[in-house]
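Colleague: Please take a close look at one part of this model. Begin with a single side chain and work outwards from there.

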Amino acid sequence: GLNASNFSSYKPSSVTDSKGIGIGYQVGTTLDYEFRNHMVLGTGLYFMHTQSNQSLTSKNRRIFSPKAQITKDQLMLPLHFGYKFTLADQLRLTPYAGGYISYWWSSGSAKFDLKDESNVVHTRWIPQDGYWGKATYEDADGKMQQFDEKIEGITHHAIYGILVGTSLEYKRHYTLSLQYGKALNNIQTSNRLHSQTLMLSIGYKF
C-alpha cells in the first residue's frame, strides 16, 4: 500500500514550521485471530518507506535548515485488538486500536538546505548520522566568529507509538485497510520530532 507521513513537534511552530507531507509505501504480512465473540487480535510485520520535509534547527538555533528532506525506512511490528462486524453476506468491517514498535534507519542521503544568516547552501545529508555545518556570527564586541556544529539527525532507531485503524473484508479474502500511527517518543532530539503516518493498504487473506 501507500502511506503519507510527516513529523509533529511540541516546540513552537517557528522551530518546525514546514510540515510537508511525503508519500511512501509499505509491504508486509498480517496475522489475525478471531475469537468466538468476534473479537480480533491482530499483529504482523511491515517494511515501510516514508519521506517528508521539515524545518530543523541545531541545539542552540544558530544553524537553521528551512527545508530538510527526511527519508526513512523502518520495520514495524503492530499489536491491536478489534471487533468484527458483519455488514452484509460477503462484507465485514473490523475497527481496531493498539500500538506498535518499530526500528528505523536512514534510506540513503536526502536533500538538505543549510541557512547561515542570509545565505542558503543546498547540500545532502544522511538523517540517521546528522550533519556538520559551519556558521558565522557577530559577537558582543562586533567581531565575526566562526564555529562548526552538528545538526542532529534522526538519532533514535527504536520507536513506539499508538495505532488505530479499520479493515474492510470482502468475500473472506480481499481486504482494504486504513491505519494511523503516531510515535510517542522523540525520533529527533533537538526539535523533539514525533512521526505520524497514514497508511492505505490492500491485501489478500489466506
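Modeller: Met 39 counts as partly exposed because its relative accessibility is 32% (partly exposed lies between buried, under 20%, and exposed, over 50%, with a 1.4 Å probe and protein chains only). This is a predicted model, in which local features need pLDDT of at least 70 and side-chain atom pairs count only at pLDDT 80 or more, while totals for chains, interfaces and linings use all residues. Residues are numbered from 1 along each chain, and side-chain values use heavy atoms, without hydrogens or water.

Met 39 sits in strand S3, residues 39-57 (strands are DSSP runs of E, at least two residues, numbered from the N terminus). On the surface, Met 39 joins Tyr 33, Phe 35, Phe 81, Tyr 83, Phe 85 and Leu 87 in a nonpolar patch (members have over 30% relative accessible area and no salt bridge, with nonpolar side chains joined within 5 Å). Together these residues have about 690 Å² of accessible area. Strand S4 (64-83) and strand S5 (85-88) each give at least two residues to the patch.

Strand S3 also helps to line the largest pocket, giving two or more residues, as do S2 (19-34), S4, S6, S11 (158-170), S12 (174-183) and S13 (a pocket is an open set of 1 Å grid points with protein on both sides within 12 Å along at least five of seven lines, and lining residues have an atom within 4 Å of a point). The space in the largest pocket is about 700 Å³. Of its 30 lining residues, Thr 29, Thr 30, Asp 32, Thr 175 and Gly 203 are closest to the centre. The most lining residues, seven, come from S2. By class, the lining of this pocket has 10 nonpolar, 15 polar and five charged residues.

There is one cavity of 30 Å³ or more (a cavity is a set of points where a 1.4 Å probe fits but cannot get out). The largest cavity holds about 40 Å³ of space. Its lining consists of Met 48, Gln 74, Met 76, Tyr 100, Trp 104, Gly 181, Ser 195 and Thr 197. At least two of these residues come from each of S4, S6 (91-106) and S13 (193-204). The cavity lining has four nonpolar residues, four polar ones and no charged ones.

Strand S6 also contains Pro 95. Pro 95 is partly exposed, with a relative accessible area of 33%. Its C-alpha atom is 7.2 Å from that of Lys 84, 11 residues apart along the chain.

Key:
Patch = residues over 30% accessible without salt bridge, like charges linked within 9 Å, V, L, I, M, F, W, Y side chains within 5 Å. Areas by Shrake-Rupley, 256 points an atom, 1.4 Å probe, with all protein chains shown as cover. Salt bridge = Lys/Arg side-chain N within 4 Å of Asp/Glu carboxyl O. Helix = DSSP H or I, 4+ residues; strand = E, 2+ residues; numbered from the N terminus. Points joined across faces, edges and corners; volume = space filled by probe spheres on them. Nonpolar A, V, L, I, M, F, W, Y, C, P; charged D, E, K, R; others polar.
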